Amino acid sequence: MKRSFLTLVVFSLVITIFLVACSKDESTDHENMNHSSNTKQKETSHEDMDHDETTSTSKEDNTTVEFSFKGEHEGGKQIPLNIQVNNKKGQPIKDFEVEHEKLMHLIVVSKDLSHFDHIHPDYKGNGLFTVTPNFPSGGEYKLYADFVPIGASKTVKSELVTIEGNKAKNTPLTEDEELTKVVDGKEVTLKLDHLMTGMDLTMTFTIKDAKTKQPINNLQQYLGAVGHVVAISGDTESYLHVHPMEEKATGPNAKFMTSFPKSGLYKIWGQFQQDGKVFTIPFTINVP
Ligand SMILES: [Cu+2]
(Lines give C-alpha, C1' and ligand atoms only; values in the text may rest on other atoms or scores of the structure.)
Protein backbone atom coordinates (compact mmCIF):
# COMPACT_ATOMS: atom_id res chain seq x y z
CA MET A 1 0.00 0.00 0.00
CA LYS A 2 2.68 2.46 1.08
CA ARG A 3 4.87 1.46 -1.77
CA SER A 4 2.21 1.94 -4.38
CA PHE A 5 1.42 5.36 -2.90
CA LEU A 6 5.09 6.29 -3.19
CA THR A 7 5.15 5.05 -6.77
CA LEU A 8 2.13 7.21 -7.48
CA VAL A 9 3.80 10.28 -5.98
CA VAL A 10 6.98 9.71 -7.97
CA PHE A 11 4.96 9.07 -11.11
CA SER A 12 2.93 12.29 -10.65
CA LEU A 13 6.14 14.22 -10.12
CA VAL A 14 7.62 12.88 -13.33
CA ILE A 15 4.45 13.72 -15.22
CA THR A 16 4.40 17.25 -13.77
CA ILE A 17 8.03 17.86 -14.72
CA PHE A 18 7.33 16.50 -18.17
CA LEU A 19 4.29 18.73 -18.62
CA VAL A 20 6.14 21.81 -17.42
CA ALA A 21 8.98 21.06 -19.82
CA CYS A 22 6.52 20.57 -22.66
CA SER A 23 4.55 23.72 -22.04
CA LYS A 24 7.78 25.69 -21.84
CA ASP A 25 8.75 24.27 -25.16
CA GLU A 26 5.46 25.14 -26.70
CA SER A 27 5.50 28.72 -25.54
CA THR A 28 8.94 29.25 -27.06
CA ASP A 29 7.68 27.61 -30.17
CA HIS A 30 4.73 29.89 -30.20
CA GLU A 31 6.79 33.03 -29.85
CA ASN A 32 9.33 32.08 -32.42
CA MET A 33 7.33 30.47 -35.09
CA ASN A 34 3.64 30.29 -34.70
CA HIS A 35 2.47 33.33 -36.52
CA SER A 36 0.18 34.02 -39.33
CA SER A 37 0.88 36.76 -41.69
CA ASN A 38 -2.21 38.80 -42.12
CA THR A 39 -1.63 40.16 -45.51
CA LYS A 40 -3.30 43.22 -46.82
CA GLN A 41 -5.41 42.47 -49.81
CA LYS A 42 -4.20 44.30 -52.82
CA GLU A 43 -5.61 44.04 -56.28
CA THR A 44 -2.65 44.18 -58.56
CA SER A 45 -2.50 43.03 -62.09
CA HIS A 46 0.76 41.97 -63.60
CA GLU A 47 1.12 45.30 -65.35
CA ASP A 48 1.31 47.36 -62.21
CA MET A 49 2.90 45.00 -59.78
CA ASP A 50 4.84 46.90 -57.22
CA HIS A 51 6.36 46.29 -53.85
CA ASP A 52 4.34 44.17 -51.59
CA GLU A 53 3.43 45.95 -48.40
CA THR A 54 2.22 42.94 -46.51
CA THR A 55 3.18 42.34 -42.95
CA SER A 56 5.51 39.54 -42.11
CA THR A 57 6.02 37.39 -39.08
CA SER A 58 8.76 39.55 -37.66
CA LYS A 59 8.14 42.77 -35.79
CA GLU A 60 11.42 44.23 -36.98
CA ASP A 61 10.76 43.08 -40.50
CA ASN A 62 13.16 44.77 -42.85
CA THR A 63 12.30 42.91 -46.02
CA THR A 64 10.40 43.80 -49.14
CA VAL A 65 9.64 41.38 -51.92
CA GLU A 66 8.98 42.27 -55.52
CA PHE A 67 7.25 39.68 -57.68
CA SER A 68 7.52 40.26 -61.41
CA PHE A 69 6.70 38.13 -64.40
CA LYS A 70 8.95 37.81 -67.38
CA GLY A 71 7.25 37.88 -70.73
CA GLU A 72 3.85 36.59 -71.76
CA HIS A 73 1.67 34.94 -69.22
CA GLU A 74 -1.52 33.49 -70.40
CA GLY A 75 -3.42 30.93 -68.37
CA GLY A 76 -2.42 27.36 -69.01
CA LYS A 77 1.13 28.44 -69.57
CA GLN A 78 4.17 28.24 -67.43
CA ILE A 79 5.26 31.76 -66.68
CA PRO A 80 8.76 32.62 -65.46
CA LEU A 81 8.59 34.63 -62.27
CA ASN A 82 11.25 36.75 -60.54
CA ILE A 83 11.12 37.17 -56.80
CA GLN A 84 13.48 39.89 -55.58
CA VAL A 85 14.10 40.17 -51.85
CA ASN A 86 15.41 43.53 -50.69
CA ASN A 87 15.70 45.41 -47.45
CA LYS A 88 13.59 48.51 -46.88
CA LYS A 89 16.40 50.64 -48.30
CA GLY A 90 16.14 48.79 -51.57
CA GLN A 91 19.38 46.85 -51.17
CA PRO A 92 19.28 43.12 -51.92
CA ILE A 93 19.16 40.71 -49.01
CA LYS A 94 21.74 38.13 -49.99
CA ASP A 95 21.82 35.44 -47.35
CA PHE A 96 19.04 33.08 -46.42
CA GLU A 97 18.75 30.18 -44.05
CA VAL A 98 17.98 26.72 -45.35
CA GLU A 99 14.62 25.82 -43.90
CA HIS A 100 13.16 22.40 -44.62
CA GLU A 101 15.95 21.84 -47.13
CA LYS A 102 15.18 24.97 -49.18
CA LEU A 103 16.05 28.67 -49.20
CA MET A 104 12.55 29.65 -50.27
CA HIS A 105 9.19 27.93 -50.42
CA LEU A 106 6.59 29.40 -52.77
CA ILE A 107 2.93 28.56 -52.37
CA VAL A 108 0.71 29.38 -55.34
CA VAL A 109 -3.07 29.24 -54.92
CA SER A 110 -5.97 30.42 -57.02
CA LYS A 111 -8.06 33.09 -55.28
CA ASP A 112 -10.83 30.53 -54.66
CA LEU A 113 -8.22 28.10 -53.22
CA SER A 114 -9.16 25.36 -55.69
CA HIS A 115 -5.64 25.32 -57.17
CA PHE A 116 -2.61 24.73 -54.93
CA ASP A 117 1.05 24.37 -55.71
CA HIS A 118 4.12 24.23 -53.46
CA ILE A 119 7.33 24.91 -55.37
CA HIS A 120 10.90 25.94 -54.69
CA PRO A 121 12.41 28.90 -56.53
CA ASP A 122 16.08 28.73 -57.54
CA TYR A 123 18.40 31.21 -55.90
CA LYS A 124 20.36 33.28 -58.42
CA GLY A 125 22.20 35.42 -55.86
CA ASN A 126 21.77 39.09 -54.94
CA GLY A 127 18.34 38.45 -53.46
CA LEU A 128 16.89 37.15 -56.72
CA PHE A 129 14.89 33.92 -56.87
CA THR A 130 13.38 32.56 -60.07
CA VAL A 131 10.74 29.93 -60.68
CA THR A 132 8.21 29.04 -63.35
CA PRO A 133 4.81 28.38 -61.76
CA ASN A 134 2.05 26.71 -63.68
CA PHE A 135 -1.19 28.66 -63.81
CA PRO A 136 -3.86 26.28 -65.09
CA SER A 137 -6.14 29.10 -66.27
CA GLY A 138 -6.56 32.85 -66.27
CA GLY A 139 -7.80 34.67 -63.18
CA GLU A 140 -6.53 35.72 -59.78
CA TYR A 141 -3.83 33.86 -57.90
CA LYS A 142 -2.11 34.53 -54.64
CA LEU A 143 1.62 33.92 -54.25
CA TYR A 144 3.19 33.40 -50.82
CA ALA A 145 6.98 33.46 -50.60
CA ASP A 146 8.15 31.85 -47.37
CA PHE A 147 11.81 32.33 -46.35
CA VAL A 148 14.20 33.20 -43.53
CA PRO A 149 16.84 35.89 -44.11
CA ILE A 150 19.99 35.06 -42.10
CA GLY A 151 19.70 36.64 -38.67
CA ALA A 152 16.00 37.39 -39.06
CA SER A 153 12.84 35.43 -38.42
CA LYS A 154 10.60 33.48 -40.73
CA THR A 155 9.06 35.82 -43.26
CA VAL A 156 6.09 35.43 -45.56
CA LYS A 157 5.37 37.93 -48.31
CA SER A 158 2.38 37.62 -50.56
CA GLU A 159 1.00 39.13 -53.70
CA LEU A 160 -2.29 38.86 -55.52
CA VAL A 161 -1.72 38.59 -59.25
CA THR A 162 -4.00 38.46 -62.24
CA ILE A 163 -3.22 36.01 -64.99
CA GLU A 164 -4.65 36.71 -68.41
CA GLY A 165 -6.57 34.13 -70.36
CA ASN A 166 -9.79 32.21 -69.97
CA LYS A 167 -10.88 32.09 -66.37
CA ALA A 168 -11.77 28.84 -64.69
CA LYS A 169 -15.15 28.86 -63.06
CA ASN A 170 -15.01 30.06 -59.49
CA THR A 171 -15.44 27.25 -56.99
CA PRO A 172 -16.82 28.62 -53.71
CA LEU A 173 -15.07 27.22 -50.66
CA THR A 174 -17.32 24.98 -48.58
CA GLU A 175 -16.68 23.25 -45.31
CA ASP A 176 -15.98 19.51 -45.61
CA GLU A 177 -18.74 17.47 -44.04
CA GLU A 178 -16.35 14.65 -43.38
CA LEU A 179 -12.64 14.94 -42.66
CA THR A 180 -11.69 11.72 -44.43
CA LYS A 181 -10.53 11.79 -48.04
CA VAL A 182 -9.04 9.39 -50.52
CA VAL A 183 -6.20 10.73 -52.66
CA ASP A 184 -3.80 8.63 -54.75
CA GLY A 185 -4.89 5.40 -53.07
CA LYS A 186 -4.44 6.78 -49.57
CA GLU A 187 -7.26 7.30 -47.13
CA VAL A 188 -6.44 10.28 -44.96
CA THR A 189 -8.33 11.44 -41.91
CA LEU A 190 -7.77 14.80 -40.25
CA LYS A 191 -8.50 15.33 -36.57
CA LEU A 192 -8.23 18.63 -34.72
CA ASP A 193 -8.04 18.40 -30.94
CA HIS A 194 -10.07 21.57 -30.49
CA LEU A 195 -11.20 24.25 -32.84
CA MET A 196 -10.89 27.72 -31.45
CA THR A 197 -9.39 30.94 -32.72
CA GLY A 198 -6.12 32.15 -31.27
CA MET A 199 -5.34 28.85 -29.50
CA ASP A 200 -2.59 26.40 -30.29
CA LEU A 201 -4.11 23.22 -31.56
CA THR A 202 -2.92 19.89 -32.80
CA MET A 203 -3.85 18.56 -36.23
CA THR A 204 -3.41 14.85 -36.66
CA PHE A 205 -3.39 13.28 -40.11
CA THR A 206 -3.93 9.52 -40.08
CA ILE A 207 -2.94 7.76 -43.28
CA LYS A 208 -4.18 4.36 -44.41
CA ASP A 209 -4.09 2.37 -47.60
CA ALA A 210 -7.48 3.13 -49.18
CA LYS A 211 -7.98 -0.45 -50.42
CA THR A 212 -6.67 -2.59 -47.59
CA LYS A 213 -7.41 -0.05 -44.80
CA GLN A 214 -3.99 -0.92 -43.38
CA PRO A 215 -2.21 1.94 -41.60
CA ILE A 216 0.67 3.33 -43.64
CA ASN A 217 3.80 3.43 -41.52
CA ASN A 218 6.49 3.92 -44.13
CA LEU A 219 6.07 7.58 -44.92
CA GLN A 220 9.31 9.07 -46.15
CA GLN A 221 10.86 12.31 -45.07
CA TYR A 222 9.59 15.04 -47.34
CA LEU A 223 11.76 18.16 -47.19
CA GLY A 224 13.25 16.97 -43.93
CA ALA A 225 10.02 16.18 -42.09
CA VAL A 226 7.20 13.65 -41.95
CA GLY A 227 5.11 16.03 -44.02
CA HIS A 228 4.27 19.61 -44.75
CA VAL A 229 1.05 21.38 -44.03
CA VAL A 230 -0.12 24.76 -45.27
CA ALA A 231 -3.33 26.47 -44.14
CA ILE A 232 -4.83 29.56 -45.78
CA SER A 233 -7.97 31.45 -44.76
CA GLY A 234 -10.89 31.57 -47.20
CA ASP A 235 -10.20 35.24 -47.95
CA THR A 236 -6.50 34.36 -48.60
CA GLU A 237 -5.43 36.96 -46.04
CA SER A 238 -3.97 34.56 -43.50
CA TYR A 239 -1.23 32.12 -44.36
CA LEU A 240 -0.46 29.88 -41.41
CA HIS A 241 2.78 28.29 -40.49
CA VAL A 242 2.10 24.76 -39.46
CA HIS A 243 4.81 22.82 -37.67
CA PRO A 244 5.35 19.09 -37.45
CA MET A 245 5.47 17.99 -33.82
CA GLU A 246 7.51 14.86 -34.47
CA GLU A 247 9.54 15.55 -37.59
CA LYS A 248 10.89 12.02 -37.83
CA ALA A 249 7.55 10.22 -37.63
CA THR A 250 6.81 7.72 -40.43
CA GLY A 251 3.04 7.34 -40.02
CA PRO A 252 0.30 6.34 -39.80
CA ASN A 253 -0.10 9.49 -37.69
CA ALA A 254 1.49 12.83 -38.49
CA LYS A 255 0.92 15.60 -35.96
CA PHE A 256 1.21 19.31 -36.55
CA MET A 257 0.65 22.40 -34.48
CA THR A 258 -0.85 25.72 -35.47
CA SER A 259 -3.32 28.35 -34.38
CA PHE A 260 -6.06 30.03 -36.38
CA PRO A 261 -5.98 33.83 -35.99
CA LYS A 262 -9.66 34.43 -36.74
CA SER A 263 -12.86 32.49 -37.31
CA GLY A 264 -14.07 31.36 -40.70
CA LEU A 265 -13.19 28.90 -43.42
CA TYR A 266 -9.65 27.66 -43.92
CA LYS A 267 -8.28 25.33 -46.51
CA ILE A 268 -5.56 22.99 -45.30
CA TRP A 269 -3.22 21.01 -47.54
CA GLY A 270 -1.26 18.14 -46.08
CA GLN A 271 1.67 16.88 -48.15
CA PHE A 272 3.33 13.53 -47.52
CA GLN A 273 5.63 11.19 -49.35
CA GLN A 274 5.60 7.43 -49.80
CA ASP A 275 7.61 5.35 -52.28
CA GLY A 276 9.21 8.50 -53.65
CA LYS A 277 5.87 10.11 -54.52
CA VAL A 278 4.41 13.20 -52.87
CA PHE A 279 0.67 13.26 -52.35
CA THR A 280 -1.37 16.30 -51.33
CA ILE A 281 -4.59 16.08 -49.33
CA PRO A 282 -6.84 19.14 -49.08
CA PHE A 283 -9.38 19.73 -46.32
CA THR A 284 -11.68 22.70 -45.71
CA ILE A 285 -12.67 23.44 -42.14
CA ASN A 286 -14.71 26.09 -40.44
CA VAL A 287 -13.14 27.62 -37.35
CA PRO A 288 -15.89 28.92 -35.04
CU1 LIG B 1 8.60 24.07 -49.71
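The following paragraphs describe the strand pairing, the copper site, the salt bridges and the enclosed spaces of a predicted model.

In one open sheet, four strands are arranged in the order β5-β4-β8-β9, and their pairing is antiparallel. The edges of this sheet are taken by β5 (116-119) and β9 (155-163), each of which has a single partner strand, so that one side of each is left without a neighbour in the sheet. Averaged over the sheet, and with direction ignored, neighbouring strands are turned by 15 degrees against each other. Within this arrangement, strand β4 (residues 104-110) is joined to β5 by four bridges, the two strands running antiparallel, and Ile-107 is found opposite His-118 in β5.

A second open sheet is built from five strands in the order β10-β11-β12-β16-β15, again with antiparallel pairing. Here β10 (180-183) and β15 stand at the edges, and because each has a single partner strand, one side of each lacks a neighbour in the sheet. Strands β12 and β16 run antiparallel and are connected by six bridges, with Thr-206 placed opposite Asn-253 in β16.

The copper ion is bound through three histidine nitrogens, namely ND1 of His-105, NE2 of His-118 and NE2 of His-120, at 1.7 to 2.0 Å. Along the sequence, these donor residues follow the spacing H-x12-H-x1-H. Since His-105 belongs to strand β4 and His-118 to strand β5, the pair ties together parts that are 13 residues apart in sequence. Both His-105 and His-118 are buried. The site is thus linked to the first sheet described above, in which β4 and β5 are joined by four bridges and in which His-118 faces Ile-107 across the pairing.

The salt bridges of the model number seven. In one of them, the side chains of Lys-157 and Asp-61 meet at 2.8 Å, N to O. Because Lys-157 lies in strand β9 whereas Asp-61 lies in the loop between β1 (36-38) and β2 (63-69), this pair ties together parts that are 96 residues apart in sequence. Lys-157 counts as buried, with a relative accessibility of 1%, and Asp-61 likewise counts as buried, at 15%. The strand that carries Lys-157 is also one of the two edge strands of the four-stranded sheet.

A salt bridge of 2.5 Å, N to O, is formed by the side chains of Glu-187 and Lys-213. Distant parts of the chain, 26 residues apart, are linked by this pair, with Glu-187 located in strand β11 (residues 186-192) and Lys-213 in the loop between β12 (201-209) and β13 (228-233). The two partners fall into separate accessibility classes: Glu-187 counts as buried at 12% relative accessibility, while Lys-213, with a relative accessible area of 45%, is partly exposed.

The side chains of Lys-262 and Asp-235 form a further salt bridge, at 3.0 Å, N to O. This pair, too, links distant parts of the chain, 27 residues apart: Lys-262 is in the loop between β16 (253-258) and β17 (264-274), and Asp-235 is in the loop between β13 and β14 (238-241). Lys-262 counts as partly exposed at 27% relative accessibility, as does Asp-235 at 32%. In addition, Glu-99, Asp-146 and Lys-154 are joined into one network by salt bridges that share partners.

Turning to enclosed space, the structure contains two cavities of 30 Å³ or more, and the largest cavity holds about 230 Å³. This cavity is lined by 18 residues, of which His-100, Asp-146, Lys-154, His-228 and Val-242 are the closest to its centre. Two or more residues of the lining are contributed by each of the elements β4, β13, β14 and β15 (243-244). Asp-146 and Lys-154, listed among the residues closest to the cavity centre, are also members of the salt-bridge network that includes Glu-99.

The second largest pocket encloses about 220 Å³ of space. Its lining consists of 15 residues, with Ser-110, Asp-112, Gly-138, Glu-140 and Ala-168 lying nearest the centre. Strand β8 (residues 139-147) provides the largest share of this lining, with three residues, and β8 is also a member of the four-stranded sheet, placed there between β4 and β9.

Conventions
Residues numbered from 1 in each chain as written. Predicted model: local features only at pLDDT ≥ 70, side-chain atom pairs only at ≥ 80, totals over all residues. Heavy atoms only, no water. Pairing = 2+ DSSP bridges. Axes fitted to C-alpha atoms, helices over the stretch in contact; angles between N-to-C directions. Donors = N, O, S within 2.8 Å, 3.2 Å for Na, K, Ca; no water. Buried < 20%, exposed > 50% of the residue type's maximum accessible area, 1.4 Å probe, protein only. Salt bridge = Lys/Arg side-chain N within 4 Å of Asp/Glu carboxyl O. 1 Å grid on protein atoms, 1.4 Å probe; cavity = no way out; pocket = protein on both sides within 12 Å on 5 of 7 lines; lining within 4 Å. Points joined across faces, edges and corners; volume = space filled by probe spheres on them.
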